[in-house]
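Here is a short note for a colleague at the bench, set out as numbered points. Please read it alongside the structure shown below.

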Amino acid sequence: MEVVVAEHAGFCFGVTKAVETVYDQLESGEGKKIYTYGPIIHNETVVGDLEKRGVKVIEDPDELDASQNGTIIIRSHGVTKEVHKKLEESGLDIIDATCPFVKRIHKIVDEESNKGKSIIVVGSANHPEVEGIVSYATGKVYVIDSPQRAQEFSENVDEEYTVVSQTTFNKKKFQETVEILENRGYNINIVNTICNATDERQTEAEQIAKKADVMIVIGGAHSSNSRKLYEICSKECENTYFIQTLDDLHLDISGEVKLVGITAGASTPRNIIEEVQNYVRTNF
Ligand code: F3S
């Protein structure tokens, strides 16, 4: 039996940078209290380790008061403009680990809406990255999360729209969504802001899943890019498993298995991928 592990699996550039920032601060922060705005990564193992080292996760700026001092780290998804302002007012030192690819979307949205364009963000409205992107629009802004919603979109067809996407959106669905808007007569300027790391990961996962008899996707339960990988792989391989750690893996393999494929979301540490890989290699 062959086991194929995706080359583009695990931490992406932005997540690596954010996680390293927290560990660097723990080492060099001279005992200052460290906060992260939301869990730094959608991975309970890493967040648990940081908690043990004294890092506190803040979910709302109102949890902070002026008596606190220390450093707050903004994670790779970024935050809304309002939250950023509140964090500044809190008096904490801010380290902004927003991924540069997300920052680029903030800039596009800000500039395009200042030019009078309405903005369409293709993504999940309640995802923190999308909430951040939306906050940079100074005019009208809409979120569409699927081709079906594009069919139902009923705003003014005479306006000019700029369309961006959540960095981890499924690229096929993004293409379908913008095609529907175009076919329905909307005047749209499309900026595909799906990040390269996501694109490579999705393409490679799909290719492996096409050949695999069993496919394992490792990722955090709340990680949107991992769930999208699962979605893509399950279309190509009916025996696709979504796990967070090796403990969740209960392989029920019947029939002949020639190839097991493994991929992982952007927030999955290397050691978890290796554990799963070793387990599959030695037990099947
Ligand atoms: Fe950045 Fe792309 Fe990762 S936007 S956080 S490099 S998935």
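The points below take up the ligand site and then the domains.

1. The model is a predicted one, and the description that follows should be read with that in mind. The domain assignment divides the protein chain into domain 1 (2-10 + 196-283), domain 2 (13-98) and domain 3 (101-190), so that domain 1 is written as two segments.

2. The ligand occupies the space that forms the largest cavity, and the residues around the ligand are C12, G14, V15, S76, C99, F101, T167, C195 and T198. Sorted by class, this shell holds 5 nonpolar and 4 polar residues, with no charged residues in the shell.

3. Domain 1 and domain 2 have C-alpha centres that lie 30 Å apart, and at their interface 10 residues of domain 1 are in contact with 7 residues of domain 2.

4. The area buried between domain 1 and domain 2 is about 630 Å², with carbon and sulfur atoms giving 54% of that area. On the domain 1 side, H222, Q244 and S267 lose the most area to domain 2, and together these residues account for 52% of what that side buries. Between domain 1 and domain 2 the count of salt bridges is 0.

Terms used:
Residues numbered from 1 in each chain as written. Predicted model: local features only at pLDDT ≥ 70, side-chain atom pairs only at ≥ 80, totals over all residues. Heavy atoms only, no water. Near = heavy atom within 4 Å. 1 Å grid on protein atoms, 1.4 Å probe; cavity = no way out; pocket = protein on both sides within 12 Å on 5 of 7 lines; lining within 4 Å. Sits in = over half its atoms within 2 Å of the grid points. Nonpolar A, V, L, I, M, F, W, Y, C, P; charged D, E, K, R; others polar. Domains from an automatic or database assignment. Contact = heavy atoms within 4.5 Å. Buried area = accessible area lost by both parts, 1.4 Å probe. Salt bridge = Lys/Arg side-chain N within 4 Å of Asp/Glu carboxyl O.
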